[in-house]
Amino acid sequence: MSAEEMKAKEFQSWSSVSPGWRKHDKRLTQSFDVVSTALLDRAGIQAGQSVLDVACGTGEPAIPAAKRVGSRGKVLATDFVPGMVEFAKEKARAQSLSNIEFTVTDGELLDLPQNAFDAGTMRWGLMFMPDPLACLRRILAALKPGAIFATATWASPDKNPWASVPLAVMKGFMELPAPVPGQTGIFAFGDPERLKATMRDAGFRDVGVEALEVLWSGPATGKEYFGEVIEMAGPLATLYGRLPEDKKRAYADEVAAQAERQSVRKPGVALPGVTWIAWGRK
């Protein structure tokens, strides 16, 4: 698959689930607020700074960053899915945040002033870029000397049952191609060494990576968990859409049963995960 085809695939899949991100925003924000906070901390974001947030989705961690930098600071947030950006704008307006600007743009094609930002962040965007180096190099150019960039990518499938359970079950319903090196996907940077190497290749120094545990919790049943995941996980939703109706029902039932079986908290569903928090300095 060419880079253009991969980019088109990612755009289609994430555009299709932007309504789901709006619908489940409260749960998503609560479950993964710890990740946004870790990114802001690692990037050293503080009052009065100018911050760049790439692949902001529905506003994370751009909105928390705007709150942290305060009225003397500013945040520029970008994403390539219009539906995500529009909802992020609505959330910022509802919280009376006037120090944040959202723009729809491709992270690999950022066209920004050089040496303009005090810090940069990206939460779970790098894995879905056909040319992550291009994105990182443009971010690096936009940062001031000494500025820190912090990003999050998901660790390997075995460390992330919240995401790997639906994918594992899907293998019983259709043949899934083996991952290809360089291909986009949720676990594309599951190897922390690849993540560190890519950041160094982009030109960042003092690169570090740490593991952060997260928990997808809140659904009362496996069925509710399935509904949330299938409405927000773009690539999974694309695969699910290809199943015949009878197989869709069987697949949903099996994912729900597996989620309840593997839940680390009962009653309800709570599935653990691990995300890498990586950072580097210009």
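The following paragraphs describe strand pairing, the nonpolar core, the cysteines and some backbone features of a predicted model.

The parallel strands offer a convenient starting point. Strands S1 (50-54) and S2 (residues 74-79) run parallel and are joined by five bridges. Within this pairing, Val-54 stands opposite Thr-78 of S2. The connection between the two strands involves helix H4 (62-69), and S1, H4 and S2 together form a right-handed β-α-β unit. From S2 the chain continues through helix H5 (residues 82-94) to S3, and this β-α-β crossover is likewise right-handed. S2 and S3 are themselves paired in the parallel sense, over five bridges. In that pairing Ala-77 has Phe-102 of S3 opposite it. S2 therefore pairs with S1 and with S3, and five of its six residues are buried, so that the strand is mostly covered.The nonpolar core can be read from some of these same positions. The largest nonpolar core contains 91 residues, and those that touch the most other members are Val-54, Ile-100, Phe-102, Met-122, Ile-139, Phe-204 and Tyr-251. Strand S5 (residues 143-154) gives the most to this core, with seven residues. Val-54 thus links two parts of this description: Val-54 faces Thr-78 in the strand pairing and is one of the core residues that touch the most other members. When neighbours within four places in sequence are set aside, the contacts of Val-54 are Thr-78, Gly-107, Leu-110, Thr-121, Met-122, Arg-123, Met-129, Cys-135 and Ile-139. Phe-102, which stands opposite Ala-77, is also listed among these core residues.

One of the contacts of Val-54, Cys-135, leads to the question of sulfur chemistry. How many disulfides does the structure hold? There are zero. Cys-56 takes part in no disulfide, and the nearest cysteine sulfur, that of Cys-135, is 12 Å away. A disulfide is a covalent bond between the sulfur atoms of two cysteines. For Cys-135, the closest cysteine sulfur is that of Cys-56, and the 12 Å between them is too far for a bond. Cys-56 counts as buried because its relative accessibility is 2%. Cys-135 counts as buried because its relative accessibility is 0%.

The backbone also deserves inspection at several points. A cis peptide bond, with omega about 0 degrees, joins Glu-60 and Pro-61. Pro-61 is placed in the loop between strand S1 and helix H4, two elements of the right-handed β-α-β unit described above. A cis bond also runs from Lys-266 to Pro-267, with omega near 0 degrees. Pro-267 belongs to the loop between helix H11 (245-262) and strand S7 (270-281).

Two residues that are not glycine have a positive phi. For Asn-115 the angle is about 55 degrees, and the residue is found in the loop between strand S3 (100-104) and strand S4 (117-123). Asn-115 counts as partly exposed because its relative accessibility is 40%. For Asp-206 phi is also positive, at about 55 degrees, but this residue lies in strand S6 (residues 205-217). Is Asp-206 buried or exposed? Asp-206 counts as exposed because its relative accessibility is 52%.

How values were computed: Residues numbered from 1 in each chain as written. Predicted model: local features only at pLDDT ≥ 70, side-chain atom pairs only at ≥ 80, totals over all residues. Heavy atoms only, no water. Helix = DSSP H or I, 4+ residues; strand = E, 2+ residues; numbered from the N terminus. Buried < 20%, exposed > 50% of the residue type's maximum accessible area, 1.4 Å probe, protein only. Disulfide = S-S within 2.5 Å. Core = buried A, V, L, I, M, F, W, Y, C linked by side-chain atoms within 4.5 Å. Contact = heavy atoms within 4.5 Å. Pairing = 2+ DSSP bridges. Right-handed = clockwise from strand over helix to strand, strands pointing away.
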